[in-house]
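This report looks at how the chains of an assembly are related, how they meet, and where the backbone takes a less common conformation. Please have the sequence and the coordinates at hand while reading.

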There are 4 protein chains.
Amino acid sequence: MASAEQSRIENDHLVLSSDPDHPANLICTLCAKFYTLGWVTGTGGGCSIRHNQHIFVAPSGVQKELLKPTDMFVMDANTNTYLRTPQVRWSNYDIPYAIALKPSQCTPLFLAAFNRGAGCTIHSHSQWAVLVTLIVEREFGKEACFEIEEIEQIKGVPKGRGKQGNLGYFDRLRIPIIENTAQEEDLTGALEEAMDAYPDTYAVLVRRHGIYVWGDNVHKAKTLCESLDYLFQLAVEMKKMGLPWIK
Amino acid sequence: MASAEQSRIENDHLVLSSDPDHPANLICTLCAKFYTLGWVTGTGGGCSIRHNQHIFVAPSGVQKELLKPTDMFVMDANTNTYLRTPQVRWSNYDIPYAIALKPSQCTPLFLAAFNRGAGCTIHSHSQWAVLVTLIVEREFGKEACFEIEEIEQIKGVPKGRGKQGNLGYFDRLRIPIIENTAQEEDLTGALEEAMDAYPDTYAVLVRRHGIYVWGDNVHKAKTLCESLDYLFQLAVEMKKMGLPWIK
Amino acid sequence: MASAEQSRIENDHLVLSSDPDHPANLICTLCAKFYTLGWVTGTGGGCSIRHNQHIFVAPSGVQKELLKPTDMFVMDANTNTYLRTPQVRWSNYDIPYAIALKPSQCTPLFLAAFNRGAGCTIHSHSQWAVLVTLIVEREFGKEACFEIEEIEQIKGVPKGRGKQGNLGYFDRLRIPIIENTAQEEDLTGALEEAMDAYPDTYAVLVRRHGIYVWGDNVHKAKTLCESLDYLFQLAVEMKKMGLPWIK
Amino acid sequence: MASAEQSRIENDHLVLSSDPDHPANLICTLCAKFYTLGWVTGTGGGCSIRHNQHIFVAPSGVQKELLKPTDMFVMDANTNTYLRTPQVRWSNYDIPYAIALKPSQCTPLFLAAFNRGAGCTIHSHSQWAVLVTLIVEREFGKEACFEIEEIEQIKGVPKGRGKQGNLGYFDRLRIPIIENTAQEEDLTGALEEAMDAYPDTYAVLVRRHGIYVWGDNVHKAKTLCESLDYLFQLAVEMKKMGLPWIK
């Protein structure tokens, strides 16, 4: 831990910036917004940004709407070693209580997206995502993906890696669903398989858990995550009234 | 693009004002509010204001809650040519990523309303609007409009163009519904037909998409859009419990 | 209008105060909060406070979350004449558009409560209130009131005028429902009849419209209005799942 | 009252601090957040923090989102006597109206948790918690607890007192339910029995009322309360669509 502590002290400059769009600041702003959307309640979910050769990751198990830039881990994007580990965080007055900050358990899943060129990844526990995975399993089976078509908001979803532009209104959106595992990092293999099986997808649902969404940059990842969450909520409401997802 | 760039530089004064009610500022405030209402999630939806001979339009494909006055296009209301085009927008720190701002794809639809005397138009992707279009189609067919009566909030809807005052409690509200198209601008014809077929309406629903709402000024357009969204949400909840919209 | 204008100018001191608890300031704060709760969307609903011999009333047809203290009417509580009428309100930049502010159409209904000793009245268009009136009509008929029992939040409802304390957990809450009318002021007679028929009530539901709630002071009216809204929302959710309101 | 008044004046230093994490400040911040989550509407619910030998308790019957540090009671954690009682609170301008602040009726319930080592307790009136108690009673009977399994957010729930870490994805979460009583303090016996019967639980549901949640510190209590509320809301939505809580 001495060397980690050392690297932290030397590398605070990696997370300190007055620019609100600096990744360390932006992750805090985004997570506060995601909290109000119900995506990261109870310390769940998270967000990570890659900027040039640095990957910024929020720690595990902290109140996501209260994140501070100095809470961030910074990883070398090539070697996946930590360039900065945040300090133990003392909280709640002088009660003898501290959180030894650990990197998000989502880190290997975030890396899987970064390895495919992503610039930002978002992990949401949105209840709409969870409900959609349950409905799909009951109605179409464990092998089925989520499918919906002819809803305008589908236009918020990119066509796929290396392709220009977004899906059209008449395109069918498909989001793969993988089964949850006991440990979050054990999702990595299934996530990568889903990425291979659905090479155009920028999102993978996790049954009874939530969703991983990524994009070339923050703008694209956030737009997609919001668009999908809109579609999942709409899909649940449609199902409550017996309206089909596919015409 | 040289001339567009030139016009931008010369015409920044069109969008810079310390008055919070200046259209360029007001569109930003309104879109941030609409975001919290779920109307413009995932860069969807939008808002446009006509002020004297200038039409202010937000760009396409940007985070609507983060709009800045300098993001606005300004159009000549008579010639429909651009007096100002916003600069390319760099975002997300120094990541080599920029959005070349394009006018909202809703522009021709906004113009259809301005050509009928509107001072403000709002385009919402509200899920309540989308659900209402689905329920109407299933229960009353593709030709039917949305109809509801004897709900107090109907009083938030104007009687019609050139008529004084708003609908009464015992008046039946009718909002026409048009079918969605692959390209947003291709809605223009059907929108204008619905405007002609329902000359009193200040709003047109778009199936599986959302709604276009306009008014003589910002106050009236916002009041109507909120009133309709209230009625759509109520209508969906009524339908869930088997309560009829028409007595 | 000359004398009204004169009284306004002389009586601005009635609404100008740096005290956030001054009624003219408090109505603005409360209405902004009520807007986020969905009670006063689309200029609907409102709030009025009596302070000693002055009654403060917000104007009709304005964006309730944007109220300013100078928008307030002030009425003499004894004579019910206006001591101050607000100025015409110019809005939306220099667009030639102004609202000639009129007192809330709820004013006679607010007065009915003030005449019974209230210090604050709230009028909400909450969808939960509207849905409850529809469910009661369908299930128990037009003469029935809303009844619920054995929910802890009932303890937020006062026992009745001249009685100490609030209802208990085992008390049955009853809120009368009156039929809506074309003009809001025409509700006054039915409201007063309901007040007489249910002398302990501090609230009257209006079918297909919303609710009037009052209290000895702002604290009590707000607490009651929130408690009832909680109970109405819960009642609707219970009904969706076939759970009865009365044991 | 003279001695209580005396102790208040002498002991204001117990609640005055510029540190936002001081318990007296933190209770205000938390309650404002809980208000937006719908947990403490209509003065219901509350929050208490133990810090070393001091227990900080918010008063009963006040607007929870408007709490001030000077509203706090401070109790000696060993003797359970009050070291500080807040002043009568004048509110609403100079209307002759004041609330004589009384300690929360939840105080004996909070103490039951503090006596088992808790550092923070939260009492929520969340409608999701209430609905879950009604569904469990109807489907599984009065003796049944709430049970759910294989939802990722279960990982936000600690394993139990004296045990390291949180429940796993494949662990079944069980939250006991006690019957409500006329007086809140009369819940204490049943709460303590539930604590004994479910020694691993950090939360007890109260039928038709809400939930008591506690934790070793503020961080853990808040994380648990959010995680449980998420699970209750999800459980209600699952039930609406006929999806089972247990596989």
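What rotation, and what shift along its axis, superposes chain C on chain D?

## Symmetry between chains C and D

In this predicted model, chain C is brought onto chain D by a rotation of 90° with a shift of 0.0 Å along the axis, and the superposition has an RMSD of 0.0 Å. That is the relation of a four-fold axis. The two copies use different surfaces where they meet, since 3% of the contact residues of chain C recur in chain D.

Within chain C, the residue that comes closest to the rotation axis is C:K240, whose C-alpha lies at 5.5 Å from it. The residue of that number in chain D, D:K240, takes part in a salt bridge that is described in the next section.

## The contact between chains C and D

On the side of chain C the contact takes 34 residues, and on the side of chain D it takes 35 residues. Together the two chains bury about 3100 Å², with 54% of this area on carbon and sulfur atoms.

Three salt bridges are counted between chain C and chain D. In one salt bridge between these chains, D:K240 is paired with C:E237, and the closest N and O atoms are 2.7 Å apart. The polar contacts between the two chains amount to 21 residue pairs, both residues being at pLDDT 80 or more. On the side of chain C that touches chain D, α2 (23-36), β1 (46-51) and α6 (218-240) of chain C each supply at least two residues, and α6(C) gives the most, with twelve residues. Sorted by class, this side of chain C has twelve nonpolar, nine polar and 13 charged residues.

## The contact between chains D and A

How many residues does the contact take from chain D and from chain A? Chain D gives 34 residues and chain A gives 34 residues, while the area buried between them is about 3100 Å², of which 54% comes from carbon and sulfur atoms.

The count of salt bridges between chain D and chain A is three. D:E237 forms a salt bridge with A:K240, in which the closest N and O atoms are 2.6 Å apart. There are also 21 residue pairs in polar contact between these chains, both residues being at pLDDT 80 or more. The elements of chain D that give two or more residues to the side touching chain A are α2 (23-36), β1 (46-51) and α6 (218-240), with α6(D) giving the most, at twelve residues. The residues on this side of chain D divide into twelve nonpolar, nine polar and 13 charged.

## Positive phi angles in two loops

Most residues other than glycine have a negative phi. Against this background, A:N52 has a positive phi of about 50° although it is not a glycine. A:N52 is placed in the loop between β1 (46-51) and β2 (54-57) of chain A, and with a relative accessible area of 43% A:N52 is partly exposed.

Where in chain D is D:N80 found? D:N80 belongs to the loop between β3 (73-76) and β4 (82-84) of chain D, and D:N80 has a positive phi of about 55° although it is not a glycine. Is D:N80 buried or partly exposed? With 30% relative accessibility, D:N80 counts as partly exposed.

Note on methods. Residues are numbered from 1 along each chain as its sequence is written. Chains are lettered from A and ligands numbered from 1 in the order in which they are written. This is a predicted model: local features need pLDDT of at least 70, side-chain atom pairs count only at pLDDT 80 or more; totals for chains, interfaces and linings use all residues. Side-chain values use heavy atoms; hydrogens and water are left out. Copies are superposed by least squares on the C-alpha atoms of residues with pLDDT of at least 70 in both. Contact means heavy atoms within 4.5 Å. Buried area is the accessible area (1.4 Å probe) that two parts lose on being put together, summed over both. A salt bridge is a side-chain nitrogen of Lys or Arg within 4 Å of a carboxyl oxygen of Asp or Glu. A polar contact is a pair of N or O atoms within 3.5 Å; within protein, one must be able to donate a hydrogen and the other to accept it, and residues adjacent in sequence count only if both atoms are side-chain atoms. Helices (H or I, at least four residues) and strands (E, at least two) are DSSP runs, numbered from the N terminus. Ala, Val, Leu, Ile, Met, Phe, Trp, Tyr, Cys and Pro count as nonpolar, Asp, Glu, Lys and Arg as charged, and the others, Gly among them, as polar. Buried means under 20% relative accessible area, exposed over 50%, partly exposed in between (1.4 Å probe, protein chains only).
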